[in-house]
Amino acid sequence: MTQPEPHDIRIRRLFRKTRFGIFVLFGAIVFSTSTLSIRTVSSQLSEEYESNSANIAKNIADSSVDILLNRNLATLQSLIDQFVEIQSIRYIYITSDTGEILTHTFVPGVPAVIRESDPFVTGPVERSLPGMGDFVEVGSPILAGQAGTVHVGMDLDLVRLKIQRATGQQIYLICIILIVGILGSIWFVKLAVTPLEDLLAYVVGLARRDGDEATEAKILARDDEIGEMARLMLHAVKGETTSGAD
């Protein structure tokens with residue numbers, strides 16, 4: 001196996017920390033961006049679904065005033081059954097002004113968690129119902145609570161699934177950017193390494209007096225710092241040669 005030249009090893013060691021730093025930097029960017037994206041999408045979707053559920057509860061409350069006054073529970077049941085067909089809405093129940101459950105969409109019956117809860121709460125409440133899953137429940141009073149309260153349960157599992165899909169697409173794009181960025185940075189580092197390797201090869205050849213003329217001409221013709229250092233080395237070597245001859 002061919003052993004690498006000493007200057008090649010030194011160059012690789014010189015940029016090892018740079019490559020590691022680039023990887024850590026891009027990794028930190030991807031992690032922070034992904035975290036922020038997940039939180040933002042999660043917050044926005046949750047707020048959107050809660051707002052939609054609250055609007056549905058309010059619509060039912062406004063539509064059920066006359067029905068409740070006429071005590072037509074069959075029509076009220078038909079009304080809430082229609083709204084349950086809306087995606088993400090898993091259950092609806094209506095309580096009277098005394099807290100009694102008048103109608104609901106639970107099958108086969110109302111869970112104990114619902115029966116034991118405060119029927120007059122209208123703000124968002126997280127509930128975990130055995131055998132059904134996790135939900136966020138919002139409510140809307142009917143006639144300012146004088147005729148009862150409408151409660152709507154939103155399926156959190158469905159919301160989480162949509163959040164995962166939305167964030168998954170963003171993370172997929174971010175990962176592609178990460179890979180392209182790392183490969184691009186390695187390529188740019190390689191661009192910086194190549195002139196240094198040429199310079200080291202030129203210096204070694206200059207010291208041994210066996211350098212390649214084409215390589216020497218190429219490195220000395222450069223108009224950047226590499227060319228300046230090569231010409232400085234050549235000047236120093238010629239100065240030493242002149243002093244030795246004297």
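## A salt bridge within helix H2

The side chains of Asp-62 and Lys-58 form a salt bridge, with an N to O distance of 3.1 Å. This structure is a predicted model, and the distances and areas reported here are computed from it. Both residues belong to helix H2, which spans residues 16-63. Asp-62 and Lys-58 are four residues apart, about one turn of the helix.

Neither partner meets the criterion for burial, because buried means under 20% relative accessible area and exposed means over 50%. Asp-62 is partly exposed at 49% relative accessibility, and Lys-58 is likewise partly exposed, with a value of 46%.

## A salt bridge between strands S1 and S5

A salt bridge also joins Asp-155 to Arg-90, with the closest N and O atoms 3.1 Å apart. This pair links distant parts of the chain: Asp-155 lies in strand S5 (residues 148-155) and Arg-90 in strand S1 (residues 89-95), a separation of 65 residues.

The two partners fall into separate accessibility classes. Asp-155 is buried, with a relative accessible area of 9%, whereas Arg-90 counts as partly exposed at 35%.

## A salt bridge between strands S3 and S4

The side chains of Arg-127 and Glu-137 meet in a further salt bridge, at 2.8 Å from N to O. Arg-127 is part of strand S3 (residues 125-129) and Glu-137 is part of strand S4 (residues 133-142), so the salt bridge ties together parts that are ten residues apart in sequence.

Both side chains belong to buried residues. Arg-127 has a relative accessibility of 11% and counts as buried; Glu-137 is buried as well, with a relative accessible area of 2%. By the rule applied, the count of salt bridges comes to three.

## Overall architecture

The secondary structure of the protein consists of eight helices and five strands. From the N terminus on, the elements run α-α-α-α-β-β-α-β-β-β-α-α-α. In this order, four helices precede two strands, a helix follows, then three strands, and three helices end the series.

## Packing and surface

Of the 246 residues in the protein, 33% are buried. Among contacts with a separation of 6 or more, 55% are between residues 24 or more positions apart. The accessible surface of the protein comes to about 15300 Å², and carbon and sulfur atoms account for 58% of this area.

Terms used: Residues are numbered from 1 along each chain as its sequence is written. This is a predicted model: local features need pLDDT of at least 70, side-chain atom pairs count only at pLDDT 80 or more; totals for chains, interfaces and linings use all residues. Side-chain values use heavy atoms; hydrogens and water are left out. Buried means under 20% relative accessible area, exposed over 50%, partly exposed in between (1.4 Å probe, protein chains only). Contact means heavy atoms within 4.5 Å. Accessible areas come from the Shrake-Rupley method with a 1.4 Å probe; for residues, only the protein chains shown count as cover. A salt bridge is a side-chain nitrogen of Lys or Arg within 4 Å of a carboxyl oxygen of Asp or Glu.
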